[in-house]
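Let's take a walk through this fold together, starting from a strand and ending with a few aromatic rings. Have the viewer open as you read.

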Amino acid sequence: MQQPHFHTVCPFHTGAFGMDKPLEPDAYRRVLAEHVAIAEANGIEGMIIYNFATSLDSLSIASAILSAGRSLRPIVAVSPFHIHPFALARTAASLAYLHGRGIDLNLVKGATEDEQAAVGEAGRPLSGHYARMAEFLDILNALFNDGACDLAGDFYTLKRAALHPPLAAGTRPLLFVPGSSPEAANVIAGRASSSLLMAKPLDAQRQEIARLAVASPGLRQTIIIGICARPTDEEAWEAAGRLYAGNRREAMNARMFVNRAISFQHRSNAAFAAEQELFDDALWYGGAKIGIDCPKLVGSYERVAESLAAYVALGVTDIIIDLPPTLEEYPHAFRAIAPLRTK
């Protein structure tokens with residue numbers, strides 16, 4: 001079995017995802033440094049940074065991660081309606097120059113209508129969003145591969161745009177693109193380094209990966225999934241019930257988010273959660289009902305490892321471990337993934 005690449009999720013600057021008061025800046029820097037240190041000490045390769053309306057600027061956080069660690073590569077979520085592709089490429093090249101290692105990029109169109117409305121993008125036809133995403137990716141590929149770009153497109157015009165300094169060897173960003181929708185799958189073909197998919201029940205994931213692989217042979221396939229593991233199944237389910245019990249406010253926020261969501265991935269996730277709580281004996285959607293969007297693998301270390309191995313057998317090359325509710329969950333997650341990392 002091919003060993004997958006493992007990544008984690010950047011902690012938020014608030015006490016909870018998009019909720020609660022912001023931490024004091026010094027306190028957040030300490031939290032961020034602690035997560036980076038744990039990830040690097042356990043051989044984690046990347047850390048994804050979300051880019052919601054309630055988060056800090058993702059590129060600024062990428063710089064902080066590069067400063068805090070020695071090897072971890074930020075995977076930075078960016079939206080075409082937030083930044084020009086040439087400005088993004090210059091920032092990526094500048095960060096690589098300053099820190100001696102690169103960042104990767106996760107290109108998203110936005111999760112909710114509110115996010116698009118804030119910058120005057122609400123109401124644009126879906127086809128327009130994906131057409132601009134394709135052009136955005138074409139520009140990034142030209143700049144990252146050749147160091148320069150000339151383009152007279154429908155959305156952008158560049159004339160002899162060049163990166164100064166050029167990207168050093170080994171710092172070219174990988175381009176992750178969510179690929180659940182048919183429109184996104186068309187954009188990925190020939191442009192992206194990897195898909196980025198919310199974990200799904202195995203049958204649905206198999207179909208999704210097969211469809212993407214046909215359009216883009218050699219494409220890396222990345223899933224994000226939570227892990228709640230313990231020595232036994234019983235202990236894991238007890239921990240899941242305790243850690244993800246939630247409260248009325250969180251449940252209300254979850255319903256509001258689903259009602260506003262335009263992301264195909266988030267809507268699909270909500271649909272699976274509404275259908276049933278448990279798939280494939282381990283993939284649990286109960287947390288989604290109280291605001292925790294990503295499904296979790298719940299079970300003994302062995303059961304979780306077997307479940308992850310089943311995803312790898314489908315063609316998954318990269319696994320992002322969703323942000324745990326406490327730092328104490330990391331050792332359990334790392335113990336569960338250990339069998340997938342042995343040669």
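Two strands count as paired if DSSP finds at least two bridges between them. With that in mind, look at Leu105, which stands opposite Leu175 in strand S9. The model you are looking at is predicted, and its strand S6 (residues 104-107) is a good place to begin. S6 and S9 (residues 175-177) run parallel and are joined by two bridges. Strand S5 (residues 73-78) also runs parallel to S6, with four bridges joining them; here Ile75 has Asp104 as its bridge partner in S6. Between S5 and S6 the chain brings in helix H3 (residues 85-99), and these three elements make a right-handed β-α-β unit.

Now consider the two faces of S6. In a regular strand, side chains alternate between the two faces of the sheet. Asp104 and Asn106 lie on one side of S6, Leu105 and Leu107 on the other, and all of them are buried, so both faces are covered.

Next, the helices. In helix H2 (residues 58-68), the buried residues are Ser58, Leu59, Ile61, Ala62, Ile65 and Leu66. They cover an arc of only 155 degrees around the axis, which puts them on the same side of H2. Their cover includes helix H1 (25-41), strand S4 (46-49), S5 and H3.

Helix H7 (residues 202-215) invites a quick check of its geometry: at 1.5 Å a residue, its 14 residues should span 20 Å, and the end C-alpha atoms are indeed 20 Å apart. Buried in H7 are Leu202, Gln205, Glu208, Ile209 and Leu212. Seen down the axis, these residues fall within an arc of 125 degrees, so they line one face of H7. They pack against several elements, among them strand S12 (222-230) and helix H11 (301-314). On the face turned away from the buried side, H7 carries the exposed residues Asp203, Gln207 and Val214.

Finally, the rings: there are seven aromatic pairs in the structure. Phe12 and Tyr50 have ring centres 6.1 Å apart and planes at 15 degrees, so this pair is stacked. The two residues are 38 residues apart, Phe12 in the loop between strands S1 and S2 and Tyr50 in the loop between S4 and H2. Phe12 is buried at 18% relative accessible area, while Tyr50 is partly exposed at 21%, because the cut-off for buried is under 20%. Ring pairs also bring in Phe52, giving a cluster of Phe12, Tyr50 and Phe52.

Notes: Residues numbered from 1 in each chain as written. Predicted model: local features only at pLDDT ≥ 70, side-chain atom pairs only at ≥ 80, totals over all residues. Heavy atoms only, no water. Buried < 20%, exposed > 50% of the residue type's maximum accessible area, 1.4 Å probe, protein only. Right-handed = clockwise from strand over helix to strand, strands pointing away. Expected span 1.5 Å × (residues − 1). Arc of directions from axis to C-beta. Contact = heavy atoms within 4.5 Å. Phe/Tyr/Trp six-rings, centres within 6.5 Å; stacked < 30°, edge-to-face > 60°.
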